[in-house]
Amino acid sequence: MFNALVIDQVETQQQVALRQLSKQDLPAGEVLVRIAYSTLNYKDALAITGASPIVRQYPMVPGIDFSGVVEQSDHPDYQVGDQVILNGWGVGEKHWGGLAEYARVPADYLIPLPDAFSLRDAMVIGTAGYTAMLCVLALEQQGVRPESGDVLVTGAAGGVGSVAVALLAKLGYQVTAMTGRDTEAEYLKGLGALHILDRGEYSQAGRPLTKERWAGAIDVAGSHVLMNVCAAMKYRGVVAACGLAAGMDFPASMAPFILRGVRLIGVDSVMCPKNDRLQAWQRLATDLDPMVLDAVATEIPLDQVQQIVPQFLEGKIRGRLVIPMQAK
Ligand code: NDP
């Protein structure tokens with residue numbers, strides 16, 4: 001038997017509880033993984049609180065990420081004892097996920113743990129950090145370079161934002177970190193932000209075009225924040241947009257796109273093809289300062305997950321939350 005967080009539906013209400021499951025309860029899949037660490041992302045908070053319809057079938061073990069050790073494998077790519085990580089692919093939404101001591105998944109969902117990282121490091125990074133890297137790659141692929149000018153990261157004290165600030169700073173960019181929490185200014189400067197911008201400046205509807213400020217931007221907020229980011233991009237600036245912390249809407253004007261040639265690139269981590277994932281993890285191995293992992297991580301026991309997750313929806317989480325699993 002092993003511990004798992006389980007979301008069930010009773011009539012139309014979600015119920016969440018820590019339960020004992022057996023390996024026979026796990027869904028079909030080629031690889032059985034003894035989970036070492038999981039983590040919490042914004043999407044896990046949406047799933048566990050039921051704030052958005054993330055869970056597609058019940059009962060569901062939430063958790064869009066895990067790292068662990070292969071315990072059984074029916075697939076030639078994975079042998080017993082291999083260290084693996086999983087990000088996304090609908091795990092924790094439609095396939096049982098990482099907030100458990102065991103998971104059974106299709107082999108294609110897994111990637112080998114990069115040599116540079118421990119199983120814990122991989123979950124300090126998690127989907128949030130790997131998405132931050134995908135966003136940095138998107139800026140690079142569109143030609144944004146440190147010499148192009150200042151770059152902006154929104155939601156900077158959160159998971160994606162913290163890793164994005166650290167990555168961009170290490171790569172030599174002049175990073176401005178936007179935050180709604182002035183108490184996090186020192187934390188963000190410690191990650192490499194040169195300037196702090198108060199989120200209030202971008203939270204309301206604004207003019208379609210404002211002073212050209214940013215050569216590149218990584219946005220986790222959407223809604224008015226993304227609109228104001230686009231309005232303040234330099235000529236041919238690039239915005240990598242991955243999140244909806246402020247809202248799923250995008251109340252914007254065409255002006256930045258047709259008058260300044262601004263490029264808005266959507267970034268998805270969930271169904272991202274395997275080669276792009278491997279590239280992102282390789283780049284994390286070379287471009288993320290290992291000291292950053294300590295600076296951004298907080299450990300949370302599995303039995304406190306339910307208490308903590310509402311704080312994501314209130315924008316109160318700093319950096320990354322990592323969950324150690326003690327598989328028996
Ligand atoms: P976090 O909760 O860790 O960070 C979100 C941050 O956004 C908060 O810490 C806060 O930072 C800021 N924020 C909160 N509310 C608002 C608001 N109303 N307006 C503007 N900013 C706000 O979440 P994650 O970093 O894990 O995820 C961030 C977003 O990215 C989420 O929407 C998530 O769903 C999305 N995401 C998307 C992925 C993809 O594949 N596309 C993958 C991973 C995440 P501060 O206080 O510093 O302003």
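I will talk about the ligand site in this structure and then about helix α3, keeping in mind that the model is predicted.

Let me begin with the shell around the ligand, which holds 27 residues, and among these Val160, Thr179, Gly180, Arg181 and Ser269 come nearest. By residue class, the shell divides into 14 nonpolar, 10 polar and 3 charged residues. At least three residues of the shell come from domain 1, assigned as 2–113 + 293–324, and at least three from domain 2, assigned as 127–266.

Turning to individual atom pairs, a backbone N or O atom of Val160 is placed 2.8 Å from an oxygen atom of the ligand, while for Ala156 a backbone N or O atom lies 3.5 Å from a ligand oxygen atom. From a side chain, an N or O atom of Arg199 is 2.9 Å from an oxygen atom of the ligand. On its own the ligand has 920 Å² of accessible area, and the protein covers 89% of that. The elements that contribute two or more residues to the shell are α2 (119–141) and α3 (159–170).

That brings me to α3, where I would first ask how far apart its end C-alpha atoms are. They are 17 Å apart, and this agrees with the expected span, because 12 residues at 1.5 Å a residue should cover 16 Å. The helix is mostly covered, with 10 of its 12 residues buried, and Val160, which we met at the ligand, is one of the buried residues, as are Gly159 and Gly161. Just after α3, Gly172 adopts a positive phi of about 100°.

Definitions and conventions
Residues are numbered from 1 along each chain as its sequence is written. This is a predicted model: local features need pLDDT of at least 70, side-chain atom pairs count only at pLDDT 80 or more; totals for chains, interfaces and linings use all residues. Side-chain values use heavy atoms; hydrogens and water are left out. A residue is near a molecule or strand if one of its heavy atoms lies within 4 Å of it. A polar contact is a pair of N or O atoms within 3.5 Å; within protein, one must be able to donate a hydrogen and the other to accept it, and residues adjacent in sequence count only if both atoms are side-chain atoms. Accessible areas come from the Shrake-Rupley method with a 1.4 Å probe; for residues, only the protein chains shown count as cover. Helices (H or I, at least four residues) and strands (E, at least two) are DSSP runs, numbered from the N terminus. Ala, Val, Leu, Ile, Met, Phe, Trp, Tyr, Cys and Pro count as nonpolar, Asp, Glu, Lys and Arg as charged, and the others, Gly among them, as polar. Domain bounds come from an automatic or database domain assignment. The expected span of a helix is 1.5 Å times one less than its number of residues. Buried means under 20% relative accessible area, exposed over 50%, partly exposed in between (1.4 Å probe, protein chains only).
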